[in-house]
Amino acid sequence: MPRERSAAFAPGRVNLIGEHTDYNEGLALPFAIGEGVTVRAEASTRSDGEQRIEAYASDLGERDEFPLQDPPPEAGWRAFVRGTVAELGRAGFPLIGARVEFGGDVPQGAGLSSSAALEVALVLALLDLGGEPAWASPLERIPRIELARLCSRVESDWVGAQTGLLDQLASLYGTSDTALCIDFKSLRVDPVPLRLGRWRLVVLDSGERHSLASSGYNQRREECARACELLGVPSLRDADADAAQRLPEPLRRRVAHVIGENRRVLDAVAALRAGDLAAVGELLNASHASLRDDYEISTAAVEAAVSQLLEAGAAGARLVGGGFGGSVLGLFAPGSEPPAAAREVRPGPGARMLDA
Ligand code: GLA
């Protein structure tokens, strides 16, 4: 009997360091968090034989219904669900009509990748549904990089955000007590122990929602592409620091951020391996200064949240994710107390199938 029900969970992520480097073939050091999205799917057959998807966003109390083949585009959360179904179909995966329900605890628009969590959980649940019981789970039979790329096409072609692979890879590869050093040129993912001991990592919401599709995110991507053209390199990973100094503004500063941020990722990996969390805190501060001054993706609300963490005694604080709002990450040494509104985040396991 083909599988009639399936369920999957995918976590959101926090990027410890390495921001706006993924689409520049650079380095990043994210980890999956405990919070995420759960998708439950159940096969459904209609009396007229048409294959459709009925989706229910339980947190919002909202529904959507659309044909399995060539769903028309939509806005908001529906864009993610329709896009995921459409991209699975385009990639040649067999799908069946289904009722799909999803919900979770990653705050939306807070820079913690609620969208990647939804895409990844949806992909896993839909790939499992209708499969033969003997089939291995989608996580075992399909390369994770392929799943991540499919989700990223949902963002670019259905949602309108030209994102890289950071969020999806973090969600797919997450491991407890581990950060993932991702090289976006080789697509190598190296686990790095993230043992916090009595130190704490927290996120504080700036209160400003961000949307990658409507923020300056795509503009930053264009600026990096233009800098590559002028430097004659395929990606900023190959940019020469001296040549980049001669670029016109603001491209010079954009490239300076990317080159510096790649170096900070390597420094953070070394600091974590040495158990030097104070050095990680300094790198977070340096990353934030670069994102604010050179990449120019901070806002007044984000600055206020960073100041709040630093004033509370954080060893380091910086904006996380695409910027232009969202959350701020803070690292607190034992004995210092994060503000009450901040929530602690810990590196947890990645996406997984659940009992349906
Ligand atoms: C968002 C995108 C990622 C990445 C970050 C910035 O989270 O989805 O691909 O570019 O911004 O590091």
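How many Å separate a polar side-chain atom of Glu-19 from an oxygen atom of the ligand? In this predicted model, the separation between these two atoms is 2.7 Å. The protein covers 98% of the 310 Å² of accessible area that the ligand has on its own. Asp-22 also approaches the ligand through its side chain, where an N or O atom is 2.5 Å from a ligand oxygen atom. At Gly-322 the polar atom belongs to the backbone, and its distance to an oxygen atom of the ligand is 3.3 Å.

The surroundings of the ligand were then examined as a whole. The ligand has 13 residues around it, and those that come nearest are Glu-19, His-20, Asp-22, Asp-167 and Tyr-217. By residue class, the shell consists of four nonpolar, five polar and four charged residues. The space that the ligand takes is the largest pocket.

The position of the ligand was also considered in terms of domains. The chain is divided into two parts, with domain 1 spanning 5–192 and domain 2 spanning 196–345. In the contact between them, 38 residues come from domain 1 and 45 residues from domain 2. The centres of the two domains, taken over C-alpha atoms, are 25 Å apart. Both domains contribute to the shell around the ligand, with at least three residues drawn from each.

Conventions: Residues numbered from 1 in each chain as written. Predicted model: local features only at pLDDT ≥ 70, side-chain atom pairs only at ≥ 80, totals over all residues. Heavy atoms only, no water. Near = heavy atom within 4 Å. Polar contact = N/O pair within 3.5 Å; in protein donor to acceptor, adjacent residues only side chain to side chain. Areas by Shrake-Rupley, 256 points an atom, 1.4 Å probe, with all protein chains shown as cover. 1 Å grid on protein atoms, 1.4 Å probe; cavity = no way out; pocket = protein on both sides within 12 Å on 5 of 7 lines; lining within 4 Å. Sits in = over half its atoms within 2 Å of the grid points. Nonpolar A, V, L, I, M, F, W, Y, C, P; charged D, E, K, R; others polar. Domains from an automatic or database assignment. Contact = heavy atoms within 4.5 Å.
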